[in-house]
Each structure stands twice: as structure tokens, then as C-alpha cells.
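Work through the exercises below with the model open. Try each task before you read its solution.

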Amino acid sequence: MSLEFSDPAVLEPGDRLPEIAEMSDQPFESEFLRTMQARGFIHQITHPRELDAAAEAGPIPGYIGFDATAPSLHVGSLIQIMMLRRFQQAGHKPIVVMGGGTTKVGDPTDKDQSRPLLTEAQIQGNIATIKGTFERFLTFGDGPTDAVMVDNDTWLSKFGYVEFLREFGVHFTINRMLAFDSVKARLEREQPMTFLEFNYMLMQSVDFLELERRLGCLLQMGGSDQWGNIVNGVELIRRVDQKPAFGLTTPLLSTASGAKMGKTVGGAVWLNADMRSPYDYWQFWRNTEDADVGRFLRLFTDVPLGEIALLEALPGAEINEAKKVLANAATTLLHGADEAAKAAAAAEAAFEQGRLSDDLPTHEVPAAELAAGIVLAALAADAGLAGSRGEVRRLAQGGGLRVNDKAELDANRMVTAADLVEGVVKLSAGKKKIVLVKPV
């Protein structure tokens, strides 16, 4: 594809592209950007007119990078995965970049401390367990709009240090790098930033350049915290190869009450089923705050916009029906329709009919320990009902802790085999979370 771009002059180190934020009022012609705009994905775009024209002209490749810092991605990464899905649905080619190379360094963005360094084996093991998540959302193959997955260690590990500095270091100024929020925040809080981490933004820029050269990639997408890194890559391509390149970011998400998206009392909301059960995943979406239902339906499901408008307008307690639609649709995308249906049925049985279900989350304990007795606060915390024993005690004091559907004010009482009902002890936190304790 041959495209003209607005500033043909070669950029010098330190020159900046126009950073255009708050694109919500910008009209678009391409299906991709119109959909992204309508569903609330757009925060910032470089060269919006040119990107719109490129997306309207035909299939373009675009990428998002994912570092492999854990065996699973979590819900915080889901907006990026959905952005790749929208990109493919609009007739373009998604590139999933696994950060086999960048994970060795660690992204300092939005971090006060250095990430623990992982071994090569740990990183590759994480990549292996993460890969399957993308297959739920994207169609992979060899076609012009089929998704591909690459590992940036393929090229980053091949550079010699002096070669890397000579080829790319001359295009970045320390002055500019120190001005980025991710660096300034660490320095202002007097938190050390290693030279290793300082190189991360160069590596991400080189990723974009390599993808442009290898796969004709025109677009890098990510969260708004990645804006500076993305702009660096756009500038590098336009400066070195003098070719069009674009960046697009989504808003950083928090809930209506200001909580960080994807964080719960039980920890991160992982996407791998062995780290977060389909039932717990369904419950996470079912427990969405009323004010977030419409926004989350637009971002995290394929439910048509017209239907979403009707659902988010439901009055009073009827909004709970919209939350069930959200939970079913989001769980179906990740775990499949059968798992979503089982989770919905288990929730209905437990919360609306008071029955137990084999699909409810279980926590196994040695039968001998249960016979001897286990402190309720410790048992509930270990089972994931709350984040800590102190939180279990506060839950009990507030009347929100239940044992076999009966309120329990004493979180220090012993749970024993005498509490077994139908072979399990049912622990509940309010009306939203249940764990069955099962002796083995």
C-alpha cells in the first residue's frame, strides 16, 4: 500500500509528532475507527485523517504487544485483546506480539519498582500458556486478514549491544526520554529506575520498526499509558524509513467508583481457566457496578449497540438482567457458550434458588484438618472468599459472612466436620460470592 503522509520532512531526534487526544468528536469514514469510536475505545490517535484513509483503503496490519510476566493475562489486558478483535472484524490484520524479549527488561510504565527478572524458561513457559487465550478472540491463519503471533525476542536477541546503540540510539534524546511520564513519576517519587528499564522504550520502538519492515505493519495500539512509547515508534519509522506509521490508544479503565479495572478482593481476574474458574469469571462481570454496565457491554462483548442502549436504560433492579447479559456474553467469548451457561445456572441455583451446584467454586482441605477444626477467618481467606483474614473478620462484623446460608458474626470460630452439609461447607460473602469447602 502506498500512502502519503502529511509531514514529508525527515524528523530529527527530539522532533515530535502532533499528539491528538480526546478524539470523541472526530468523524471517521472507515468501519474500524467508526466502530472504535462508537464503542468507546478511542483516547488518542496520531495522524487521525491518514489512519482513517488507510483503514478505508484496504486491509492494514496493526499490532499490540503483551509481555509474558505471568502464566496468564488478566482482565486488564482484555480491552487490548478486544481492540485486536474489532480490528479483525473490520477487515484488517491483527499482529499479536509476545514480549519474549521485552519481558526480559520489564516495562517501567505505571510502576514504582522494578519488576522481578524472569528466566528464559519462565518467560517461554508463560508465553506457551498465554497463547490459547488469543485463539478465543481472533482467527489465526495465512490469509490477508488472519491474525499472526510473533515473539519480539526473534529480533531483539539478535542485536549486539553496540550495533543496537549505533543503529537506534542516535534517534532518541535523553532530554525527551526523561520527559515521559513513566520516567518522571519514578524520579519524582525518588524510586530508582535501572538503566535496563530505561532501554524499554527504545526496544518497543524498534519492535514497531521491525514489524513495519517484516510485515508491513502500519499501526501500533495500546493503553493510554503507552502513548509515549507508541509515539516514539511512530516517529522512528517516519524518521528512518520515511513511511507512514500510526498510533492509537484506549483510555485507561477504572470502574465507576474509581477502582482499578480487574482488581478484586481475591486478586487479579486472570483469563486462564486454571487460574480463574469460568464461574468466578462470570461472577466478576455479574457484579459490575450499575453505572458501568453499558460501557462494559460496548467494550467487552459483541452485543449490538442498539441492544446495549436498551439494556443500560433498564430502571432500578431490572439492570441486573443487563448484568447477566454482560456476564454471559463476556464469559462466552473467553470460555465458550457451554461454560457460560453452566456458570449462569450455578449462580441461579445458589443465589436465587438456594441450591448447591457442582459448578460452584470449591476449595479442598484435608479431611483430618477439618475434623480437628479450622479457624473460619483462615479458611475463608484461603478459599478466596476475601483477600485476608482481617477482611473476613470485617465481613463478619458487617453481617456479610455466611456459613451454610446462616450469618456468622464470629470469624474466629472453628469450622469442623460437623458443619458439613451434603458433603461440603458452604461459605458466602454477601449475596455475590460462594465457595464450597470440600474435605479430601
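**Exercise 1. The whole chain**

What percentage of the 440 residues in the protein chain is buried? Then describe the secondary structure and the contacts of the chain.

Solution. The model is a predicted one. Step 1: take burial. Buried residues account for 51% of the 440 residues. Step 2: take the elements. The protein chain has 19 helices and 16 strands. Step 3: take the contacts between residues at least 6 apart in sequence. Of these, 74% join residues at least 24 apart.

**Exercise 2. Two helices that cross**

Work out how α12 and α15 pack, and name the residues that make the contact.

Solution. Step 1: locate the helices. Helix α12 covers residues 278–286, and helix α15 covers residues 319–335. Step 2: read the geometry. The axes lie 8 Å apart, at an angle of about 140°. Step 3: classify the angle. Roughly antiparallel would need an angle over 145 degrees. The angle of about 140° therefore makes α12 oblique to α15. Step 4: give the hand. The crossing of α12 and α15 is right-handed. Step 5: list the contact. From α12 come P278, Y281, W282, W285 and R286. From α15 come N320, K323, K324, L326, A327, N328, A330, T331, L334 and H335. Step 6: sort by class. The contact of α12 with α15 has eight nonpolar residues, four polar and three charged.

**Exercise 3. A second helix pair**

Repeat the analysis for α1 and α3.

Solution. Step 1: find the elements. Helix α1 is residues 31–38, and α3 is residues 78–89. Step 2: read the geometry. Their axes come within 9 Å and cross at roughly 140°. Step 3: classify. The two helices are therefore oblique to each other. The crossing of α1 and α3 is right-handed. Step 4: list the contact. E31, F32, T35 and M36 of α1 meet M83, R86, F87 and Q89 of α3. Step 5: sort by class. The contact of α1 with α3 holds four nonpolar, two polar and two charged residues.

**Exercise 4. A covered helix**

Which residues of α13 are buried, and what covers them?

Solution. Step 1: count. Helix α13 (residues 293–300) is mostly covered, with six of its eight residues buried. Step 2: name them. The buried residues are V293, G294, F296, L297, L299 and F300. Step 3: look at the surroundings. The cover includes α3, α12, α14 (305–312) and α15.

**Exercise 5. A five-stranded sheet**

Lay out the sheet that contains β15, then follow β15 to its partners.

Solution. Step 1: set the order. The five strands run β10-β16-β15-β12-β13 in an open sheet with mixed pairing. Step 2: find the edges. β10 (362–365) and β13 (406–407) are the edge strands, and each pairs on one side only. Step 3: pair β15 with β12. Three bridges join β12 (residues 401–403) to β15 (residues 425–429), and the two run antiparallel. Opposite A429 in β15 stands L401. Opposite L427 in β15 stands V403. Step 4: pair β15 with β16. Five bridges link β15 to β16 (residues 433–439), again antiparallel. Here A429 faces K433. Step 5: check burial. Five of the five residues of β15 are buried. Step 6: split the side chains. In a regular strand, side chains alternate between the two faces of the sheet. V425, L427 and A429 point one way from β15, and K426 and S428 point the other way.

**Exercise 6. Two single residues**

Classify T250 and A345 by accessibility, and place each in its element.

Solution. Step 1: T250 sits in strand β7 (residues 246–250). Step 2: the cut-off for buried is under 20% relative accessible area. T250 is at 0%, so T250 counts as buried. Step 3: list its contacts beyond four places away in sequence. T250 touches F41, H43, I79, Q80, M83, G222, G223 and S224. Step 4: A345 lies in helix α16 (residues 337–352). At 45% relative accessibility, A345 counts as partly exposed. Step 5: check a distance. The C-alpha atoms of A345 and Y279 are 9.7 Å apart, with the two positions 66 residues apart along the chain.

How values were computed:
Residues are numbered from 1 along each chain as its sequence is written. This is a predicted model: local features need pLDDT of at least 70, side-chain atom pairs count only at pLDDT 80 or more; totals for chains, interfaces and linings use all residues. Side-chain values use heavy atoms; hydrogens and water are left out. Axes are lines fitted to C-alpha atoms, for helices over the stretch in contact, and angles run from 0 to 180 degrees between N-to-C directions. Helices (H or I, at least four residues) and strands (E, at least two) are DSSP runs, numbered from the N terminus. Angles under 35 degrees count as roughly parallel, over 145 as roughly antiparallel, 65 to 115 as roughly perpendicular and the rest as oblique. A crossing is left-handed if the near helix is turned anticlockwise from the far one by less than a right angle, and right-handed if clockwise. Contact means heavy atoms within 4.5 Å. Ala, Val, Leu, Ile, Met, Phe, Trp, Tyr, Cys and Pro count as nonpolar, Asp, Glu, Lys and Arg as charged, and the others, Gly among them, as polar. Two strands pair if DSSP finds at least two bridges between them. Buried means under 20% relative accessible area, exposed over 50%, partly exposed in between (1.4 Å probe, protein chains only).
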